[in-house]
Amino acid sequence: NISIMSTRARSSSVSSVAKKIATISEFVERMGGKRIIQRVLIANNGMAATKAILSLRQWAYMVLGDERMIEFVAMATRDDLNANAEFIRLADTFVEVPCGSNKNNYANVSLIVSIAVEQK
């Protein structure tokens, strides 16, 4: 027997559990999870990065009661910094990565993993 829970039912279930939660670790424990995620590396730029940060901040506010419970580290090229890109302003901190094609930065898996380990 497979139990399917609608998004609305799951959302209200999460919201009711989260109403009295003070920390992410408490939320994870109450939801039956084991891994606590407090920091997210945004390995993208532009609108995709902006939407990811805004969506997760909205979720954190609605479910945890604090949009700043999750910290965001953005990867940013010198061009992104010079453009004062919105995703950089939305992030809590950033790591500068090489300019050029995506293979130098946002699509460079080795670089992304290296930054993720460093920022852990």
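Biologist: Why is R57 called buried?

Modeller: In this predicted model, R57 has a relative accessible area of 6%. The cut-off for buried is under 20%, so R57 counts as buried.

Biologist: What makes D92 partly exposed?

Modeller: Its relative accessible area is 36%. Buried would need under 20% and exposed over 50%. The 36% of D92 falls in between, so partly exposed is the right label.

Biologist: How do you know that R57 and D92 meet in a salt bridge?

Modeller: Check the distance from N to O: for the side chains of R57 and D92 it is 3.1 Å. The rule asks for a side-chain nitrogen of Lys or Arg within 4 Å of a carboxyl oxygen of Asp or Glu. An Arg nitrogen and an Asp oxygen at 3.1 Å fit that rule, so we call the pair a salt bridge. As background, side chains of opposite charge can pair when their charged atoms come close.

Biologist: What makes you say that the pair links distant parts of the chain?

Modeller: R57 sits in helix α3, while D92 is in the loop between α5 and β3. They are 35 residues apart.

Biologist: Which residues are linked with D92 in a network of salt bridges?

Modeller: The network holds R57, R68 and D92. D92 also has a salt bridge with R68, where the closest N and O atoms are 2.8 Å apart. That is within 4 Å, so the rule is met here too.

Biologist: Why does the pair of D92 and R68 tie together parts of the chain?

Modeller: Because D92 belongs to the loop between α5 and β3, while R68 belongs to the loop between α3 and β2. In sequence those parts are 24 residues apart.

Biologist: Is R68 buried, exposed or partly exposed?

Modeller: R68 has 47% relative accessibility. Exposed needs over 50% and buried needs under 20%, so R68 ends up partly exposed.

Biologist: How many salt bridges does the rule give?

Modeller: The count comes to five. One of them joins the side chains of E96 and R78, at 3.0 Å from N to O. E96 is in strand β3 and R78 in helix α4, so this pair ties together parts 18 residues apart in sequence. E96, at 42% relative accessibility, is partly exposed, and so is R78, at 39%.

Biologist: Let's move to the strands. What makes β1 and β2 a pair?

Modeller: Two strands pair if at least two bridges are found between them. Strand β1 (residues 39-42) and β2 have four bridges, so they pass, and they pair in the parallel sense. Among the partners, R39 is matched with E71 in β2, and I42 stands opposite A74 in β2.

Biologist: How does the chain get from β1 to β2?

Modeller: The chain crosses through helix α3 (residues 46-64). This β-α-β crossover is right-handed.

Biologist: What joins β2 to strand β3?

Modeller: Four bridges do, and the two strands run parallel. V73, for example, stands opposite T93 in β3.

Biologist: Why are β1 and β3 called edge strands?

Modeller: The three strands form an open sheet in the order β1-β2-β3. β1 and β3 each pair on one side only. From one strand to the next, the twist averages 25°.

Biologist: How do you know that β2 is mostly covered?

Modeller: Count its residues: β2 spans 71-76, and five of its six residues are buried.

Biologist: And T77, what makes it buried?

Modeller: T77 has a relative accessible area of 6%, and that is under 20%, so it is buried. T77 lies in the loop between β2 and α4. Leaving aside residues up to four places away in sequence, T77 touches V97, P98, C99, N105 and Y106.

Biologist: Why is Y61 called exposed?

Modeller: Its relative accessible area is 52%. The line for exposed is over 50%, so Y61 makes it. Y61 is part of helix α3, and with residues up to four places away in sequence left out, Y61 touches D66 and E67.

Biologist: Last one: what is the phi of N84?

Modeller: N84 has a positive phi of about 50°, although N84 is not a glycine. Most residues other than glycine have a negative phi. N84 sits in the loop between α4 and α5, and at 46% relative accessibility N84 is partly exposed.

Conventions: Residues numbered from 1 in each chain as written. Predicted model: local features only at pLDDT ≥ 70, side-chain atom pairs only at ≥ 80, totals over all residues. Heavy atoms only, no water. Buried < 20%, exposed > 50% of the residue type's maximum accessible area, 1.4 Å probe, protein only. Right-handed = clockwise from strand over helix to strand, strands pointing away. Contact = heavy atoms within 4.5 Å. Axes fitted to C-alpha atoms, helices over the stretch in contact; angles between N-to-C directions.
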